[in-house]
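Here are my notes on this one, in the order I went through it. Have the viewer open while you read.

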Amino acid sequence: MGNTSSMLTQYDIEEVQQHCNKAFSQQEIVSLYERFCQLDRNGGGFVSAEEFLSVPEFAVNPLSQRLLRMVDGLNFKEFVAFLSAFSPRATLLQRIEFIFKVYDSDGNGKVTFNDMLDVLHDLTGQFISENQRKQVLTQVLDEAGYTKESLLVLSDFVKILGSSGLKMEVEVPVD
Amino acid sequence: MSTNQGKLKPSSSELDLDRPNIEDYLPSGASIQEPHGKLRLSDLLDISPILTEAAGAIVDDSFTRCFKSNSPEPWNWNVYLFPLWCFGVVFRYLILFPARAIVLTIGWIIFLSCFIPVHFLLKGNDALRKKLERVLVELICSFFVASWTGVVKYHGPRPSMRPKQVFVANHTSMIDFIILEQMTAFAVIMQKHPGWVGLLQSTILESVGCIWFNRSEAKDREIVAKKLREHSQGADNNPLLIFPEGTCVNNQYSVMFKKGAFELGCTVCPIAIKYNKIFVDAFWNSRKQSFTMHLLQLMTSWAVVCDVWYLEPQNLRPGETAIEFAERVRDIISVRAGLRKVPWDGYLKYSRPSPKHRERKQQSFAESVLRRLEEK
């Protein structure tokens with residue numbers, strides 16, 4: 001797949017579609033490619049953190065730094081795979097998996113108390129003290145039957161989030 | 001304006017004062033937290049709304065859309081149309097372009113041979129010199145417009161020279177200035193450019209009273225604000241023309257107006273400019289091409305067709321802030337020129353948004369968490 005060419009071949013599109021488990025239609029993949037090329041201003045074949053942060057709507061998001069770690073330097077195929085959790089065709093499990101990956105920053109398959117505390121810090125900034133955050137988290141964990149030392153795995157996340165209707169869909173504009 | 005490497009730095013807090021509340025405009029699909037019921041673990045772990053907003057911004061965002069060049073639909077895609085298109089290309093590049101270049105050269109020769117004597121010989125007689133220089137600048141701008149076969153339709157009363165009035169217009173390219181200047185010699189406030197444009201700025205445009213600023217200097221704003229105020233009070237200065245967007249936008253959208261033009265205590269006369277995309281995309285994407293390339297592109301197109309509307313002068317209403325006034329005028333211009341409004345500051349092209357917006361989101365989430373903790 002050419003980094004500098006802005007033409008996707010049919011073969012490329014099918015390869016990308018396979019890689020994201022058919023989460024996007026071929027039309028959507030073409031649109032996403034246009035968008036990818038638009039973001040990748042220096043034509044390096046991947047979108048750098050700087051280029052993502054030049055989108056003001058993204059830069060003001062509280063979780064932008066966490067997401068940057070996951071999306072920085074991805075090529076187009078991986079970029080589409082990253083976004084596949086937001087496709088209307090994604091399953092609930094795929095969405096929960098994505099959320100799990102956001103929490104599990106070291107990628108070892110286990111979410112610790114500190115991981116959850118870090119995300120809560122990103123979400124609340126300086127408006128709750130560190131102690132209050134610990135308190136809140138300990139309390140809700142306790143009520144759900146976990147402790148401070150619990151290591152949550154994906155199946156725990158599925159149990160916790162499985163019943164809340166996760167609304168996590170993004171529409172890809174197709175001309 | 002060749003900041004094509006996109007070195008972003010956090011914006012100074014001064015820029016914040018220019019914007020009304022962005023939260024009113026931002027598309028927040030789902031609120032960050034459903035504000036009822038006791039706080040549970042699933043509520044804390046469910047970050048899906050925030051993730052959706054972030055993913056939505058990655059896939060499509062209103063700010064980037066403002067600076068997208070409008071490449072026309074290729075119409076030469078079949079056997080019959082392609083030769084026609086080739087003929088068109090040959091005609092444009094080999095016949096039109098040289099003819100236009102000659103016209104422009106003649107114009108420059110006439111202009112310089114009049115301007116240089118007038119500028120130096122009439123040093124003592126300021127009033128006459130200024131009058132002549134004004135006419136000459138209008139003349140060279142007409143030559144420029146002719147060199148792109150500019151077809152400009154002006155609507156509305158021609159601007160008059162009165163003190164205590166400023167003109168504001170939407171900004172698509174530096175040629176906006178030339179198109180307006182050929183009708184009336186405005187004193188414009190512009191970013192100081194390098195190269196031949198900068199040379200023109202410091203010699204010829206000085207004579208009509210133009211003011212320069214440097215976007216990258218923070219202190220510059222106060223100096224410029226002072227110069228603006230002084231100029232607008234003067235009775236025999238050329239009318240001041242300001243592009244409050246602060247950057248070139250692609251003529252489909254309008255970004256937020258900076259309030260500087262609206263707090264000078266003057267009447268604000270809005271001007272709306274709309275280019276006809278069928279003939280050429282007049283948007284100067286300064287990240288993609290230099291001004292010279294942009295001019296060459298215009299000179300090898302069929303024509304530059306645009307409409308200019310001089311709209312009804314507006315005054316600050318009692319109880320209205322400068323920002324509200326700016327937004328009201330932006331509304332008037334956007335409606336007239338068929339532009340969609342976006343809530344972003346044009347300078348976000350060069351700097352990051354201030355942390356204030358993220359903090360607002362964090363604050364509302366934090367408050368909701370604490371409140372729900374109390375509920376039984």
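1. **The interface in outline.** Keep in mind that this is a predicted model. What is the size of the patch between the two chains? On the chain B side 46 residues are in contact, and they meet 60 residues of chain A. The area buried between chain B and chain A comes to about 4800 Å². Carbon and sulfur atoms give 72% of that buried area.

2. **Polar pairs across the interface.** Between chain B and chain A, ten residue pairs are in polar contact, both partners being at pLDDT 80 or more. As for which parts of chain B take part in the interface, α2 (41-45), α3 (48-59), α4 (62-65) and α12 (356-374) each give two or more residues to the side that touches chain A. Sorted by class, that side of chain B has 24 nonpolar, ten polar and twelve charged residues.

3. **Charged pairs across the interface.** How many salt bridges are there between chain B and chain A? The count is two. One of them joins B:R352 to A:E50, with the closest N and O atoms 2.8 Å apart. In general, side chains of opposite charge can pair when their charged atoms come close. Over all chains, the structure holds 17 salt bridges, and some of those inside chain B come up below.

4. **Chain A by itself.** Which secondary structure does chain A use? There are ten helices and zero strands, so if you read along the sequence you simply get α-α-α-α-α-α-α-α-α-α, by the DSSP assignment. The C-alpha atoms of chain A fill a box of roughly 55 × 30 × 30 Å along the principal axes. Chain A has 175 residues, and 47% of them count as buried.

5. **Contacts and surface of chain A.** Take the contacts in chain A between residues at least 6 apart in sequence: 61% of them join residues at least 24 apart. On the surface side, chain A exposes about 8300 Å². Carbon and sulfur atoms supply 49% of that exposed area.

6. **B:R330, worth a click.** This arginine sits in helix α11 (residues 322-337) of chain B. Is B:R330 buried or exposed? Its relative accessibility is 0%, so B:R330 counts as buried. What does the side chain of B:R330 find there? A polar atom of that side chain lies 3.2 Å from the backbone oxygen of B:V255. The backbone oxygen of B:V342 is another partner, 3.1 Å from a polar atom of the B:R330 side chain.

7. **B:K258 and B:D345.** These two side chains meet in a salt bridge, at 2.7 Å from N to O. The pair links distant parts of the chain, with the two positions 87 residues apart in sequence numbering. B:K258 belongs to the loop between β7 (253-256) and β8 (267-275) of chain B, while B:D345 is in strand β10 (residues 340-345). Are the partners buried or exposed? B:K258 has 12% relative accessibility and therefore counts as buried. B:D345, at 3%, counts as buried too.

8. **B:E230 and B:K226.** Here the salt bridge stays within one helix: both residues lie in α9 (residues 220-233) of chain B, four residues apart, which is about one turn of the helix. Their closest N and O atoms are 3.5 Å apart. With a relative accessible area of 52%, B:K226 is exposed, whereas B:E230 counts as partly exposed at 49%. Why do the two get separate labels? The line for exposed is drawn at over 50%, so 49% lands in the partly exposed class.

9. **B:E263 and B:K259.** The closest N and O atoms of this salt bridge are 4.0 Å apart. The cut-off is within 4 Å, so I'd read this one with the threshold in mind. B:E263 is partly exposed, with a relative accessible area of 40%, and B:K259 counts as buried at 17%.

10. **B:G195.** Finally, a glycine in helix α8 (residues 195-207) of chain B. With a relative accessible area of 57%, B:G195 is exposed. How far is B:G195 from B:V166? They are 29 residues apart in sequence, and their C-alpha atoms are 29 Å apart in space.

Definitions and conventions
Residues numbered from 1 in each chain as written. Chains lettered and ligands numbered in written order. Predicted model: local features only at pLDDT ≥ 70, side-chain atom pairs only at ≥ 80, totals over all residues. Heavy atoms only, no water. Contact = heavy atoms within 4.5 Å. Buried area = accessible area lost by both parts, 1.4 Å probe. Polar contact = N/O pair within 3.5 Å; in protein donor to acceptor, adjacent residues only side chain to side chain. Nonpolar A, V, L, I, M, F, W, Y, C, P; charged D, E, K, R; others polar. Buried < 20%, exposed > 50% of the residue type's maximum accessible area, 1.4 Å probe, protein only. Areas by Shrake-Rupley, 256 points an atom, 1.4 Å probe, with all protein chains shown as cover.
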